[in-house]
Amino acid sequence: MFVKRGRGVLGATLLSLTLSACTDADTPKGLNDDDATQAAAARAQGHEVISADPDQVPTFLRGKFGEVPTGKLALKGLQTSSLAPVLARVAPLFKLDTEQLFLKKAYVGFDGDTHYRFGVRYHGVEVMGAELRLHARDGQVFAINGNARGGLSAIQSDPIGVDLAKANALADKGSAPGLVVGKEPALVYWREQDQLILSWRVLVTGAKQDGTPVKESVLVNARSGEVFERFNHIHSALDRIVHDGQGTSNLPGAVARREGDPPHADAVVNAAYDNTGAVWRCYQELFGRDSYDNAGATLSSTVHHRVNYVNAYWDGEQMVFGDGDGTTAINLAYGLDVIAHELTHAVTEKESDLIYSGESGGLNESISDIFGAVCEWHSEGRVINEGTYLVGEDVWTPGTAGDALRYMNNPTQDGDSLDDYHNYSNGVDVHYSSGISNLAFYLLAQGGTHPRFPTRPAVTGIGIEMAGRIFYKANMDLLQADSNFDAARVATGQAAVDLGYDASVVASVAAAWKAVNVGVVFEPTDPFELERNVPVVLSGATSGTKAYGWAEIPEGATNLRFTMSGTTGDPDLYIRQGNYPTTGLYDCRPYRSGANEECVFPTPTAGKWYAMVNAYTAYTDASLVMKFDGGFFPLEPNVVVSGLSGPANGSHGYIVQVPARPNGKPRSVTVQLLGGTGNADLYVRMGAIPNHYEYDCRGMKETNAEKCVIPQVTSGKLYVWVVGARGGYQNTAILVSYPP
């Protein structure tokens, strides 16, 4: 199971930010942020933008992108130079240079389309999980998707030594005693929003004290030496373990039965043999796939692993099954959907390679559950029965009729799984977050309404085979290592289009995801407003409790700060501009222990900013306050505003909306400072915020008696800036006037 280590990542990210002068963003010439967005550029070339990231760099495009070799014969003699013209055309749309891309895989899918997968390097170092995928048909690239993009901050510096990285990975508190380093660590970049963190990727292997096998990639910040991410390569179907630890843990064990051998005297050996063959036939007959690698790899498994061991897992090379304890579960090898689940982890590892963490980890688990159901349906004569959408029902809790490990048709029935994306939070176990996409698949296949929210619109079912083909194509061709639930929504919708299904099927795919609130804008029921300098006191009674608020930030504000303080518990602060944050989508997340956290934005965008406080642990009386400097506020014309004071360099800013005259003629606008003591300077500008160098009028007398007249104003925004000169100013007033 993946263990998320967000605490400490901020230190790495801040380090990147403070050393940004030493960075090279690897951005192609002519594609700076001042130019048109990449999404706009793609549209200008006649391409359809299916989705884009918050910076409007595309993540999914459709159109005509150029000719490439297609078909199995062409791929046998593939010359990468033949792909260069297309790459030169499409790479800039993702803010990439062609030199950053390298071909990882080219293949022909089960639907006949040809697919090219490209990885991304910055300064010669691979970005972990980043891919750009080209999809071609009849010699023409018709779609591109990917999470690859240029323009990211990537620090170049001497990393810590590999020996120190190994030592830190093994010494980290997330590592069990007695682990060892596997293959030699490699430098990678890990993406955190727009930052790339140079890291050592260290593979650690061994076993926990309870005997559970360990095979994890540990990411060590190559500048600070801090361990900040770790994820598991052993994907477990069952996450509850009951054992006595007295049996052997040797793998793979002695050979009991080979392909073509007669049945063994041991019924468990035969169950594993027969069920593995049934899953192989499921993938072969439905998708034309030959084994988990689609190249005929031997399907190896070990049964009778340890004693009373209630688990099954894929370790990257084979399936391993415990005998169960007779109460929690019987022998795991008897569950066909359990075997399909484990083999699907292997398929996913070879295809999308979904990282076993966060939302991508939940998708990874869900896809294994989904094809457990599909292959169980296939092996039982393609008939839906009461057990089709139950996970592990044949082996789980034999003394309880109808019980199962998970319920795809009603995920919350197990007491832990989620069935609604708006309830998701970072750190939820991947076995439980899988319920979100499990239910989406069930509704797509069978139709109906959400089991807990029957008033939500119903989904029209398309059948398990068609739904399985859509999810298989998404996993095979479209999903990437870090895909989240919304990326799966987009990928399955496009898979339905690419497979040639009609508009009603595509609509059902969209409706199924909407039913579980994926792709649906979240609106909290009782958000609070953050007013400038006014604290809001919050409490969270249980872990996972969330509170939401919003603030209106004026034009010209600087140094926007959201500061949380308190003495009990551990609330986490999330800030996002333009929409409510989630645990996966935010502009700032300090993620520190305790209640004292702060997010600072030196030059914030005007408009609504949103806050979420998530209870990492229960907390009481945390104070959240929003502050900013400067800002330009509405001012009524012909109304005197008095009582203005400020120190040297202190300021007040105002906006006056000057309406057009009915006859269209221009008029002059007068801005005056009236009375008071000290020295205030006046800057006025039409249509834009003034500064010390850009203005339409400036008054800089040695007193407060400042006056500006702007002639020939037709209409628009007038910006007024009052700034304290030496000694500041006290009790002055301002008046903006113009003829009616």
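The following is a conversation between a visitor and a guide about selected parts of this predicted model.

Guide: In this predicted model, local features need pLDDT of at least 70 and side-chain atom pairs count only at pLDDT 80 or more, while totals for chains, interfaces and linings use all residues. Residues are numbered from 1 along each chain as its sequence is written, and side-chain values use heavy atoms, with hydrogens and water left out.

Visitor: Why is histidine 115 called buried?

Guide: Histidine 115 has a relative accessible area of 1%, and buried means under 20% (exposed is over 50%, partly exposed in between, with a 1.4 Å probe and protein chains only), so histidine 115 is called buried. This residue lies in strand β4, residues 114–122, where a strand is a DSSP run of E with at least two residues, numbered from the N terminus.

Visitor: What makes the pairing of the side chains of histidine 115 and aspartate 477 a polar contact?

Guide: A polar contact is a pair of N or O atoms within 3.5 Å; within protein, one must be able to donate a hydrogen and the other to accept it, and residues adjacent in sequence count only if both atoms are side-chain atoms. The two side chains are 3.1 Å apart in this contact, so the distance falls within the limit. In addition, the backbone oxygen of aspartate 113 lies 3.4 Å from a polar atom of the histidine 115 side chain.

Visitor: How do you know that β21 and β25 pair?

Guide: Two strands pair if DSSP finds at least two bridges between them, and strand β21 (residues 546–553) has eight bridges with strand β25 (residues 607–617) in the antiparallel sense, so the two strands count as paired. Alanine 551 stands opposite tryptophan 609 in β25. Strand β19 (residues 528–529) also pairs with β21, in the parallel sense over two bridges, and there glutamate 529 has tryptophan 550 as its bridge partner.

Visitor: What makes β21 mostly covered?

Guide: Six of the eight residues of β21 are buried.

Visitor: Why is valine 625, in strand β26, called buried?

Guide: Its relative accessible area is 14%, which is set against the limit for buried already given, and therefore valine 625 is called buried.

Visitor: Which residues is valine 625 in contact with, leaving aside its neighbours within four places in sequence?

Guide: Contact means heavy atoms within 4.5 Å, and on that basis valine 625 is in contact with Asn533, Val534, Pro535, Arg561, Phe562 and Thr563. The C-alpha atoms of valine 625 and valine 536 are separated by 6.3 Å, although these residues are 89 residues apart along the chain.

Terms used: Helices (H or I, at least four residues) and strands (E, at least two) are DSSP runs, numbered from the N terminus.
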